[in-house]
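Student: I have a structure to go through and would like the terms explained as we meet them. Could we take them one at a time?

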Amino acid sequence: MNILYLGPYRLNTTDGYDSLNTLLTLSTNKTNNIIARPIFLNNQTSDINNNIPKNIRPLEQKQGDHIDMIIQHTDIDSAVYTSDIKYQLLWVLNNKLLPQTYQKLKYKFLHDKIGFITSNKYSSACLYNAEIINNTFYMRNPYNSSMNEQPTTGIFDFGLYNRYIKYYTIVGEDMLDEISDIVVQFIRKFQQDSACLLVFMTNINQSVLDKYNNLISQIYKNLKIHHTINKIIIVPIEPSINAIDTAHTTGDIYISLEDNIYHTIAQYKNKMIIHNQSEMYLGYSIKNLSPETTILYKTPLDINNFEQNTRRSSTSLELNINQIVDSYVKSFNK
Amino acid sequence: MLNHSINNILHCLLNKRITAYYAGNNNSLFLEYLLKNDQLNVKKQPVGPFDCIIHDDPVQYSQIISQLSEKYHVNSIILFHNIAPQALKKEDKHILYNKIRSQYKIFFNHGVQKSWGFPLDDKTHILSYGIDRVEPTIKNKQTIIVNITKNPEINRLYQYLKQSINCDLLEEISTDYKKTLELLSEYKIIIVINDPFTTILCASFGGHVFSSTPIIDTNIHNITIIDDFGAIQQEIMKILNNNTSTKLKDTYFQTNFDINQFDVKFLNILHTARQRPYIYET
């Protein structure tokens with residue numbers, strides 16, 4: 001089958017990272033002929049990845065006057081439907097739960113015509129809000145090791161924290177509730193230990209960094225914990241392959257906030273993983289937090305609650321991109 | 001229908017006929033030729049999908065390149081009709097080159113390419129114009145000034161000239177493009193300002209052309225380059241009184257400005273531009 005993949009794989013962003021991984025995974029299935037075209041979204045031309053793996057370029061050189069399937073990895077505003085192509089899949093880049101009214105109309109228009117891919121709870125919630133129920137495929141994103149042709153052996157240097165046990169996670173900007181949750185847990189549980197918490201954050205600027213640092217100070221204050229050493233560090237990083245790899249090499253115990261590619265890479269690198277995929281509703285607010293606040297955690301941040309050297313087996317609902325392609329074609333032809 | 005970058009990408013892959021969006025601001029006979037060319041579909045508005053962008057003002061284009069190409073995800077072809085402005089320093093040309101180096105460039109003669117100082121690479125082409133043939137007509141009209149761009153300066157020149165000589169003004173191109181060419185071919189003298197294509201086209205009709213643009217083709221003798229149009233009346237009267245015929249043989253234009261060859265080469269460049277995926281490079 002001739003498959004045209006359109007995605008932001010040339011961008012040095014989290015979406016670009018996901019897209020590159022997906023494209024490489026697609027290209028591993030040699031029964032399909034993959035043609036790739038990059039998309040640059042929302043004027044993100046300051047975030048160009050100039051070091052994409054060399055096996056991507058031949059996919060871009062290919063022409064195709066006959067395309068059987070198109071996979072669009074883009075935002076809902078840019079997504080199109082074309083009657084020229086039989087099979088069409090759309091993986092919407094959208095971290096907002098609530099699509100606007102005009103976007104909902106577009107979802108409805110596309111619903112009967114194409115298949116949707118979702119890969120995390122945000123895009124799932126978005127599709128749910130747009131009343132997209134059928135023809136949806138949940139993607140598990142296996143890490144494609146050819147993404148990093150030169151694996152890094154470097155680590156980030158944190159000075160005196162280097163000898164601590166380093167709990168770590170990797171997130172984008174908009175994870176305030178999740179970060180608050182693990183910070184509170186960490187301070188209550190591990191403040192006295194030789195442990196630190198590293199929060200690697202992609203795509204953030206100084207004002208966001210200040211916001212999170214203020215949050216951490218607020219939590220310490222509300223919990224009335226005096227500390228001479230701040231054991232929680234927000235680390236801004238690029239969403240580049242090297243930086244993500246280095247983050248994983250630096251940290252010891254990965255705190256997984258959702259099933260995403262960072263989780264998959266942690267598995268691939270045999271890191272200890274703690275699942276902290278609690279619901280977004282915390283049941284308390286930082287403002288009212290005090291040493292006496294009782295907090296019930298759905299999945300406590302517990303060193304005993306980790307997985308090691310086990311790859312989580314996918315549920316029957318989770319597929320990789322090649323399985324989604326096959327599954328969609330089968331369901332289309334029923 | 002709104003234009004979507006994805007629609008453009010699909011159009012490049014799936015459609016045989018090339019569609020181009022002309023993003024410039026200039027009316028010209030060259031543009032009119034492109035618009036009427038049935039081997040290619042050129043539009044002046046970004047409505048519906050297209051395969052590439054054509055622009056004919058390199059300096060202006062370099063300032064909007066990000067918005068255009070990024071928004072539409074197609075490659076661009078920049079046309080260089082004129083030599084580089086004198087005000088443009090070497091460093092400015094270097095900056096301009098870097099901004100547009102990943103896009104396709106067409107220079108319409110070696111002299112123009114040299115004046116811009118851009119290196120020759122796989123995206124740089126030197127192409128001769130293609131000149132449409134017009135059947136020979138009797139030249140029973142005196143003088144005409146071409147002002148399709150509706151430049152007020154040219155209009156002032158027309159107002160000045162018509163006080164003393166028989167002079168017409170061409171401001172609109174007929175819906176039948178050939179009719180415009182036939183009209184021009186009836187004049188003994190044609191005045192063309194800042195338009196190398198129209199200068200050569202009008203020279204091919206056999207009359208005399210006064211042009212502000214240096215035309216670096218020493219074989220074309222019926223073009224006079226004028227810096228100062230203040231003294232043009234005397235020059236016009238000289239030509240009219242001498243009634244000299246400096247008509248080049250038709251074969252010169254047919255051989256050196258062959259329209260079919262131009263079409264093939266121009267389309268080939270557009271085809272190459274649309275086949276290459278649009279990649280924003282820093």
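**Terms and the values behind them**

Tutor: Glu153(B) and Arg156(B) form a salt bridge, with their closest N and O atoms 2.9 Å apart. Keep in mind that this is a predicted model.

Student: Why is the pair Glu153(B) and Arg156(B) called a salt bridge?

Tutor: The closest N and O atoms are 2.9 Å apart. The cut-off is 4 Å between a side-chain nitrogen of Lys or Arg and a carboxyl oxygen of Asp or Glu, so the pair qualifies.

Student: How do you know that Glu153(B) and Arg156(B) are separated by about one helical turn?

Tutor: They are three residues apart in helix H6 (residues 152–161) of chain B, which means about one turn between them. An α-helix has 3.6 residues a turn, so residues three or four places apart point the same way.

Student: What makes Glu153(B) count as exposed?

Tutor: Its relative accessibility is 53%. Exposed means over 50%, so Glu153(B) counts as exposed.

Student: Why are Lys238(B) and Glu235(B) called partly exposed?

Tutor: Lys238(B) has a relative accessible area of 48%, and Glu235(B) has 28%. Partly exposed runs between 20% and 50%, so both residues belong there. Their side chains also meet in a salt bridge, at 3.6 Å from N to O. Both lie in helix H9 (residues 232–242) of chain B, three residues apart.

Student: What makes Asp51(B) and Arg274(B) a link between distant parts of the chain?

Tutor: The two residues are 223 residues apart. Asp51(B) is in the loop between strand E2 (41–43) and strand E3 (52–55) of chain B, while Arg274(B) is in helix H11 of chain B. Their closest N and O atoms are 2.9 Å apart, and they form a salt bridge. Both residues are buried. Over all chains, the whole structure has twelve salt bridges.

Student: How many of those bridges cross the interface of chain A and chain B?

Tutor: Zero salt bridges are found there. Two residue pairs are in polar contact across the interface. The area buried between the chains is about 2000 Å², and carbon and sulfur atoms give 65% of that area. Chain A brings 28 residues to the contact and chain B brings 16 residues.

Student: Why is helix H1 (residues 5–14) of chain B called largely enclosed?

Tutor: Nine of its ten residues are buried, so the rest of the structure largely encloses the helix. Among the buried ones are Ile6(B), Ile9(B), Leu10(B) and Leu13(B). Buried means under 20% relative accessible area.

Student: What do the buried residues of H1(B) pack against?

Tutor: From chain A, they pack against E1, E2 and E3. From chain B, they pack against strand E1 (19–22), helix H3 (58–72) and H11.

Student: Which residues of the largest nonpolar core touch the most other members?

Tutor: Of its 52 residues, these are Leu40(B), Leu184(B), Ile190(B), Phe266(B) and Leu270(B). Helix H11 (residues 259–275) of chain B gives the most to this core, with seven residues. Leaving aside neighbours within four places in sequence, Leu270(B) is in contact with Ile18(B), Ala20(B), Leu40(B), Cys52(B), Ile54(B) and Ile77(B). A second, separate core has 48 residues, including Tyr17(A) and Ile324(A).

Definitions and conventions:
Residues are numbered from 1 along each chain as its sequence is written. Chains are lettered from A and ligands numbered from 1 in the order in which they are written. This is a predicted model: local features need pLDDT of at least 70, side-chain atom pairs count only at pLDDT 80 or more; totals for chains, interfaces and linings use all residues. Side-chain values use heavy atoms; hydrogens and water are left out. Contact means heavy atoms within 4.5 Å. Buried area is the accessible area (1.4 Å probe) that two parts lose on being put together, summed over both. A polar contact is a pair of N or O atoms within 3.5 Å; within protein, one must be able to donate a hydrogen and the other to accept it, and residues adjacent in sequence count only if both atoms are side-chain atoms. A nonpolar core is a set of buried Ala, Val, Leu, Ile, Met, Phe, Trp, Tyr and Cys residues joined through side-chain atoms within 4.5 Å. Buried means under 20% relative accessible area, exposed over 50%, partly exposed in between (1.4 Å probe, protein chains only). Helices (H or I, at least four residues) and strands (E, at least two) are DSSP runs, numbered from the N terminus.
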